[in-house]
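Biologist: I'd like to learn how to read side-chain contacts in a model like this one. Could you walk me through it?

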Amino acid sequence: MKKTFLSIIFAGIALNCAAQKIGAEKPELKTGTDAAQPFLFSLNTLTAENHRWNIHYSGSYGERTNGQFGYDGLGQQFGVKGYLGSRLTLYATAAIGFANSGGVTSAEQAEVIRDLVGGKSIAGFRLGAGLGLSRDWSNVGSAISRITASFDHTNWRMAGNLRFEKAFDKTRDKLDFISSFGYQHRVSNVLYLGFEALGQDLEGFWEKDEAEGGAKVMIGPSINLEPNHSKLSFSISGGPVFYATRSQAIPSEAIREIGSVASGNGYTIRALVNFNLHR
């Protein structure tokens, strides 16, 4: 299943790159990056200059992992992202996991984020904050908040998030901390290359009984393909997952983008297809 999943991803990217070389004789460089979701692990806000509503599908494959996008087996996620006006961005997802050991489970979350600095145009610096709610794989609800920062330039872009989560369950941590960062550089009119890094459950650095098994980190390559005159765009990222700290607690089923069981480190690979409803 893993080989088939990866083959489909890379075949799609190769076909779209070939189509761009054949069909675009004189491509016009964009003055600002307008991808709805170029990164896999960092959420960027939208502006009035972006195409307003998008839907996406993402799939992931992981081994010795657990959680939303690091599900141990094949995971799938459906989402919607749109600009509400007044520098407000809506982001909502529903995830479905098919475990290697059998069984199916789901998790959902929704957030509204407002740009506090910038946000009136795509190019330049944006700083935002938002609130939301989630239901995880074990049916535990949580309140979530997120701080977003991004900088978009003609030939490169970066984005970072700091997410806080408060689970409505006494057995969970008082507050969870997750941080992420991504950078991409334009190597052609339609292709961006870079990297992404993620730090998860960072409270494990000072809490010995951290409820998700300890702090974990991931860093790996990032690819974004934005074909000209197309409603579709594609992203892929992933890499090794390492424990930074360990706790003796049995990992909960909180919504997480990466995770590792106590037996060892693992890896996760995630790919996303975005469909623009207005382009």
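Modeller: Sure. Keep in mind that this is a predicted model. Let's begin with salt bridges: a search of the whole structure turns up eight salt bridges.

Biologist: Which residue forms a salt bridge with Asp136?

Modeller: That's Arg172, and the closest N and O atoms of the two are 2.8 Å apart. The pair links distant parts of the chain, 36 residues apart: Asp136 is in the loop between strand S5 (124-135) and strand S6 (141-152), while Arg172 is in the loop between strand S7 (156-167) and S8.

Biologist: Is Asp136 buried or exposed?

Modeller: The idea is to look at relative accessible area, where under 20% means buried. Asp136 has 2%, so it is buried. Arg172 is buried as well, with a relative accessible area of 11%.

Biologist: Now Arg157. With which residue does Arg157 form a salt bridge?

Modeller: With Glu226, and here the closest N and O atoms are 2.9 Å apart. Arg157 lies in strand S7 and Glu226 in the loop between strand S10 (216-225) and strand S11 (232-243), so this contact ties together parts that are 69 residues apart in sequence. Both Arg157 and Glu226 are buried.

Biologist: And what does the charged end of Arg157 sit over?

Modeller: The ring of Tyr192, at 3.8 Å from the ring centre. So when you click on Arg157, look for Glu226 and for Tyr192.

Biologist: Where else should I look for salt bridges?

Modeller: Try Arg163 and Glu165, whose side chains meet in one at 3.1 Å, N to O. Arg163 counts as buried because its relative accessibility is 7%, and Glu165 counts as buried because its value is 2%. There's also a network: salt bridges with shared partners join Asp115, Arg126 and Asp152.

Biologist: Let's turn to rings. How many aromatic pairs are there?

Modeller: The idea is to check the distance between ring centres, with pairs counted within 6.5 Å. The count comes to seven aromatic pairs. One of them is Tyr183 with Phe195, a tilted pair at 6.4 Å centre to centre, with 35° between the planes. Tyr183 lies in strand S8 (residues 176-186) and Phe195 in strand S9 (residues 191-200), so the pair ties together parts that are twelve residues apart in sequence.

Biologist: What are the relative accessibilities of Tyr183 and Phe195?

Modeller: Tyr183 has 25%, so it counts as partly exposed. Phe195 has 32% and also counts as partly exposed. Zoom out a little and you'll find a cluster: ring pairs link Phe151, Trp156, Phe181, Tyr183 and Phe195.

Methods:
Residues are numbered from 1 along each chain as its sequence is written. This is a predicted model: local features need pLDDT of at least 70, side-chain atom pairs count only at pLDDT 80 or more; totals for chains, interfaces and linings use all residues. Side-chain values use heavy atoms; hydrogens and water are left out. Rings of Phe, Tyr and Trp (its six-membered ring) pair if their centres lie within 6.5 Å; planes under 30 degrees apart count as stacked, over 60 as edge-to-face and the rest as tilted. Helices (H or I, at least four residues) and strands (E, at least two) are DSSP runs, numbered from the N terminus. Buried means under 20% relative accessible area, exposed over 50%, partly exposed in between (1.4 Å probe, protein chains only). A charge sits over a ring if NZ of Lys or CZ of Arg is within 6 Å of the ring centre and within 35 degrees of the ring normal. A salt bridge is a side-chain nitrogen of Lys or Arg within 4 Å of a carboxyl oxygen of Asp or Glu.
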